[in-house]
Structures are given as C-alpha cells and as structure tokens.
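I opened my notebook today to get to know a new structure. Here is what I looked up, entry by entry.

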Amino acid sequence: MQYRLPLITLAAITLVTASPVVTKRDITDIEILNYALTLEHLEDKFYREGLANYTQADFVAAGFADPFYANLKEISYDETTHVGFLTKALGDAAVKECTYSFPSTDPKSFVALASVLEGVGTTAGSILTVEARHNAYIRAAKAQAPFPSPFDAPLTFNEVYTLAAGFIVSCPSTNGALPFKAFPGITLVTTGPLAAGTEIVLQTPGYVLQGADGSSNLYAAFIMVTGGVFAEAIGIDGGFKVVIPEGVNGQVYVVLTGCSEGPITDDNVGAGPAILEITNPYPTVV
Ligand SMILES: *[C@@H]1O[C@H](CO)[C@@H](O)[C@H](O)[C@H]1NC(C)=O
C-alpha cells in the first residue's frame with residue numbers, strides 16, 4: 001500500500017483561519033458544540049441573506065414551485081433556532097457569527113449553494129435529521145435525486161471544516177480557536193454533467209500539491225461510507241486531471257491524497273474536499 005503523506009508547497013496559500021490550531025488531544029464537548037454552532041451560523045446567515053435578496057416572485061420566475069419560498073423560510077427558521085439552541089447551551093463560550101462570502105447571485109445559484117451547504121450537515125444528532133430533510137428537499141427542488149445513494153459519505157471534522165471555511169471571510173477575535181483545521185481548498189473547474197468516465201479538472205488555487213518525494217504521485221479519493229474509491233490524479237498546470245471512477249454517484253466529496261488505497265483520514269488528506277454532483281445513467285450499487 002502506498003501511504004505517503006503529500007507535502008504542500010506553499011506558493012501563495014491563503015487559508016481562512018477561523019481556527020488555525022491543530023494538536024492531537026482530546027476534543028471537548030464545548031469544542032464539538034462550537035464546531036456545530038460554527039456551521040449553523042453559516043447556514044443561518046446564508047438563508048437569511050437569500051430570503052432578503054430574493055422574493056417569492058423571483059423564485060417562481062426561476063422555475064421553483066410556489067410553496068418553495070415558504071419552505072425556505074421554514075428552513076431559515078430552523079437554522080436560526082439551531083443557532084439559538086446551541087448558543088444557549090454554550091453560554092459565554094458560544095462562538096459568534098462570522099463574516100461570510102456566498103457566491104450566489106440569483107435564485108438558481110442560491111439553491112445550488114444551499115444544496116452544497118445542506119450536504120455538509122452538522123454533527124449533532126437531533127439537528128442532523130432535520131438538516132437531512134432540508135437536504136432532500138433542496139435536492140428535489142433542483143430536480144436531483146433526493147436520496148442519491150444508500151449511504152451518506154462520512155467526512156471528518158476537518159473535511160467539513162474545509163468546506164465551511166471556503167465561505168468564511170473573518171470571525172470575531174473573541175471566538176476561541178477550535179481544534180480543527182481547513183485543508184487547502186480544491187476547485188472543480190469542469191462544467192456540465194459528470195458521470196463515471198468523465199475527465200475532470202481539479203484546481204489547487206494558489207498552491208502546489210506534490211508527493212513527499214517531489215513527484216506528483218497523487219490520487220483523488222472519492223469518499224464513500226465503504227471507504228475511498230481512488231483514481232490517479234495527473235498533475236497539470238494549476239491542478240490535476242482525474243477520471244471519475246466507477247462506483248460513485250450523487251453528491252460526492254473528493255480529496256487529494258498520497259494514498260492509493262486504505263482509509264482516508266485527516267492524516268493523509270492533502271487538499272479538499274471538493275463537492276461533485278455525479279449522475280450515472282443507472283443507480284450505482286455500492
Ligand atoms: C445577497 O446579496 C448580496 C449583495 O448582492 C451578496 O453579496 C450576497 O452574497 C447575497 N447572498 C446570498 C446568500 O445570495
């Protein structure tokens with residue numbers, strides 16, 4: 001088994017540092033709750049901004065069903081309630097809302113982004129089930145399968161944090177550092193439908209990722225509950241090209257790693273995840 005840690009060569013890497021520290025130690029309940037609250041703040045602000053930006057008529061004009069706007073309000077109310085619940089539970093220790101940047105410019109791109117954020121979900125059990133229903137509803141509104149695969153991909157705290165960090169501009173200095181870190185981000189630049197066999201380009205914006213021995217012997221791991229499905233990542237200018245392997249479908253997370261097999265953990269992720277929507281002609285049995 002190839003188990004080489006990728007080395008990140010920093011060219012001009014600008015990572016959002018909402019919480020930069022990573023040390024191997026036990027993570028406290030307060031940190032877990034603040035982590036969940038960090039994600040809830042992000043979702044809460046996203047829906048409130050979207051509802052302020054676009055009207056019911058805007059959503060109908062963009063092709064969403066009439067009750068969609070009312071249901072978005074319901075989702076927004078849920079997120080605000082989750083924030084209130086966690087904030088109350090944490091008291092003085094609760095992290096505050098950050099400043100965010102959401103790349104959404106119209107109802108369609110707003111719903112596309114909602115699908116990404118809801119796919120990230122949270123870690124707290126009774127919140128998770130509600131977030132899962134939000135996710136299915138938003139996917140259905142986009143005419144995507146509401147439950148595209150028999151298992152949800154398990155992401156680590158750092159992987160989820162990486163996805164969230166992409167939208168965080170800055171946080172209040174009073175927010176304590178969380179024991180999680182964001183990996184360098186990867187950007188999918190390929191547009192159009194994706195399926196097994198499609199060659200995609202993943203960019204590593206502002207940095208170069210290479211194998212520890214200087215070669216660029218890296219792999220893209222498509223994260224599944226049953227483990228990673230691996231494909232070779234061929235280095236190109238500014239990133240990698242990868243052919244989507246058989247056996248992955250739906251909303252899929254891909255990371256770059258030095259491993260060609262075995263479990264994907266925070267110790268061997270080099271960059272990512274990025275989120276891909278893969279639609280194979282027939283449901284893939286995993
Ligand atoms: C709402 O509109 C503002 C101003 O155009 C924009 O910066 C922001 O990203 C939008 N937010 C969402 C969630 O659409």
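**Entry 1: the whole protein**

I began with the surface: the accessible surface of the protein comes to about 13500 Å², and carbon and sulfur atoms account for 58% of that surface. I noted early on that this is a predicted model. Next I looked up the secondary structure and found six helices and 11 strands. The protein has 286 residues, and 44% of them count as buried. I also checked the contacts between residues at least 6 apart in sequence: 74% of these join residues at least 24 apart.

**Entry 2: the salt bridges**

How many salt bridges does a search of the whole structure find? My search turned up three. I took them one by one.

**Entry 3: D44 and R48**

I started with D44, which forms a salt bridge with R48. The closest N and O atoms of this pair are 3.2 Å apart. I found both residues in helix α1, which covers residues 29–53. They sit four residues apart there, about one turn of the helix.

Then I asked myself: is D44 buried or exposed? D44 counts as buried because its relative accessibility is 4%, and the cut-off for buried is under 20%. R48 has a relative accessibility of 35%, so I wrote it down as partly exposed.

**Entry 4: E97 and R48**

I met R48 again here, since the side chains of E97 and R48 also meet in a salt bridge, at 2.8 Å from N to O. This pair links distant parts of the chain, 49 residues apart. E97 lies in the loop between α3 (68–90) and β2 (99–100), while R48 is in helix α1. I looked up E97 too: its relative accessible area is 29%, so E97 is partly exposed.

**Entry 5: R139 and E277**

My last pair was R139 and E277, a salt bridge whose closest N and O atoms are 2.8 Å apart. Where do the two partners lie? I found R139 in helix α5 (residues 125–141) and E277 in strand β11 (residues 269–278). They are 138 residues apart, and the pair links distant parts of the chain.

I checked the accessibility of both. R139 has a relative accessible area of 1%, so it is buried. E277 is partly exposed, with a relative accessible area of 22%.

**Entry 6: putting the pairs together**

I closed by asking which residues are joined into one network by salt bridges that share partners. They are D44, R48 and E97. I pencilled R48 in as the shared partner, as it pairs with D44 and with E97.

Key. Residues numbered from 1 in each chain as written. Predicted model: local features only at pLDDT ≥ 70, side-chain atom pairs only at ≥ 80, totals over all residues. Heavy atoms only, no water. Salt bridge = Lys/Arg side-chain N within 4 Å of Asp/Glu carboxyl O. Helix = DSSP H or I, 4+ residues; strand = E, 2+ residues; numbered from the N terminus. Buried < 20%, exposed > 50% of the residue type's maximum accessible area, 1.4 Å probe, protein only. Contact = heavy atoms within 4.5 Å. Areas by Shrake-Rupley, 256 points an atom, 1.4 Å probe, with all protein chains shown as cover.
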